[in-house]
Amino acid sequence: MKKVKIKLAGILYERSMTQAELAHLSGVRPNAISNLCRGYVDRLSIDHIEKISNALDLESISELIDFVDVDEEKA
């Protein structure tokens, strides 16, 4: 079984960027950024994906979102 994994926390860590900085750059509410970093998301708007991707200058959605096996997620 596959599960969607949002890789935002890792991206911010790699870039030494805070959630607050991303919220400011993207225009996405800090609470929404925090929830995405912690994986507490039932749904994700295309608008948020676009704003975050543009703020981080991502080339592909796969840099932000991935599919992982449920077993892999637990490991």
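Trainee: At what angle do the axes of helix 2 and helix 4 cross, and within what distance do they come?
Mentor: The two axes cross at roughly 105° and come within 9 Å of each other. Please keep in mind that this is a predicted model.

Trainee: How is helix 2 oriented relative to helix 4, then?
Mentor: Helix 2 is roughly perpendicular to helix 4, because an angle from 65 to 115 degrees is put in that class.

Trainee: Which residues make that contact?
Mentor: Helix 2 contributes Leu-22, Leu-25 and Ser-26, while helix 4 contributes Lys-51, Ile-52, Ala-55 and Leu-56. By character, five of the contact residues are nonpolar, one is polar and one is charged.

Trainee: Let us take Ser-26. Where is it placed, and is it buried or exposed?
Mentor: Ser-26 belongs to helix 2, which covers residues 19-26. Its relative accessibility is 9%, so Ser-26 counts as buried.

Trainee: Which backbone atoms lie by a polar atom of the Ser-26 side chain?
Mentor: There are two to mention. The backbone oxygen of Leu-22 is 2.7 Å from a polar atom of that side chain, and the backbone nitrogen of Val-28 is 3.2 Å from a polar atom of the side chain of Ser-26.

Trainee: And what does Ser-26 touch further along the chain?
Mentor: Setting aside residues up to four places away in sequence, Ser-26 touches Ile-33, Lys-51, Ile-52 and Ala-55. Of these, Ile-33 is part of the contact that helix 3 makes with helix 2, and Lys-51, Ile-52 and Ala-55 are part of the contact of helix 4 with helix 2.

Trainee: Ile-52 keeps coming up. Is it buried or exposed?
Mentor: Ile-52, a residue of helix 4, is buried, since its relative accessible area is 1%.

Trainee: Which residues is Ile-52 in contact with?
Mentor: Apart from neighbours within four places in sequence, Ile-52 is in contact with Leu-8, Leu-22, Ser-26, Val-28, Ile-33, Leu-36 and Leu-64. One may add a C-alpha to C-alpha distance: Ile-52 and Gly-27 are 8.4 Å apart in space and 25 residues apart in sequence.

Trainee: Moving on to helix 3: at what angle does it pack against helix 2?
Mentor: Helix 3, residues 30-38, packs against helix 2 at about 125°, with the axes 9 Å apart. The two helices are therefore oblique to each other.

Trainee: Is that crossing left-handed or right-handed?
Mentor: The crossing of helix 2 and helix 3 is right-handed. On the helix 2 side the contact is made by Gln-19, Leu-22, Ala-23 and Ser-26, and on the helix 3 side by Pro-30, Ile-33, Ser-34 and Cys-37. These residues divide into five nonpolar, three polar and no charged.

Trainee: Which residues of helix 3 are buried, and what covers them?
Mentor: Ala-32, Ile-33, Ser-34, Leu-36 and Cys-37 are buried. The cover over the buried residues of helix 3 includes strand 1, helix 1, helix 2 and helix 4.

Trainee: What follows helix 3?
Mentor: Gly-39 follows, with a positive phi near 80°.

Trainee: Which residues other than glycine have a positive phi?
Mentor: Ser-16 has a phi near 50°, and Asp-57 has a phi near 55°. Ser-16 sits in the loop between helix 1 and helix 2, and Asp-57 in the loop between helix 4 and strand 2.

Trainee: Are these two buried or exposed?
Mentor: Ser-16 counts as exposed, because its relative accessibility is 68%. Asp-57 is exposed as well, with a relative accessible area of 60%.

Trainee: What about Val-41; where is it, and what is it in contact with?
Mentor: Val-41 lies in the loop between helix 3 and helix 4 and is partly exposed, at a relative accessible area of 27%. Neighbours within four places in sequence aside, Val-41 is in contact with Ile-6, Asn-35 and Leu-36. Measuring from C-alpha to C-alpha, Val-41 and Lys-5 are 9.9 Å apart, with their positions 36 residues apart in sequence.

Trainee: Lastly, where is Asp-47 found, and how far is its C-alpha atom from that of Ser-62?
Mentor: Asp-47 is in helix 4, residues 46-56, and is partly exposed, with a relative accessible area of 38%. The C-alpha atoms of Asp-47 and Ser-62 are separated by 16 Å, and the two residues are 15 apart along the chain.

Conventions
Residues are numbered from 1 along each chain as its sequence is written. This is a predicted model: local features need pLDDT of at least 70, side-chain atom pairs count only at pLDDT 80 or more; totals for chains, interfaces and linings use all residues. Side-chain values use heavy atoms; hydrogens and water are left out. Helices (H or I, at least four residues) and strands (E, at least two) are DSSP runs, numbered from the N terminus. Buried means under 20% relative accessible area, exposed over 50%, partly exposed in between (1.4 Å probe, protein chains only). A polar contact is a pair of N or O atoms within 3.5 Å; within protein, one must be able to donate a hydrogen and the other to accept it, and residues adjacent in sequence count only if both atoms are side-chain atoms. Contact means heavy atoms within 4.5 Å. Axes are lines fitted to C-alpha atoms, for helices over the stretch in contact, and angles run from 0 to 180 degrees between N-to-C directions. Angles under 35 degrees count as roughly parallel, over 145 as roughly antiparallel, 65 to 115 as roughly perpendicular and the rest as oblique. A crossing is left-handed if the near helix is turned anticlockwise from the far one by less than a right angle, and right-handed if clockwise. Ala, Val, Leu, Ile, Met, Phe, Trp, Tyr, Cys and Pro count as nonpolar, Asp, Glu, Lys and Arg as charged, and the others, Gly among them, as polar.
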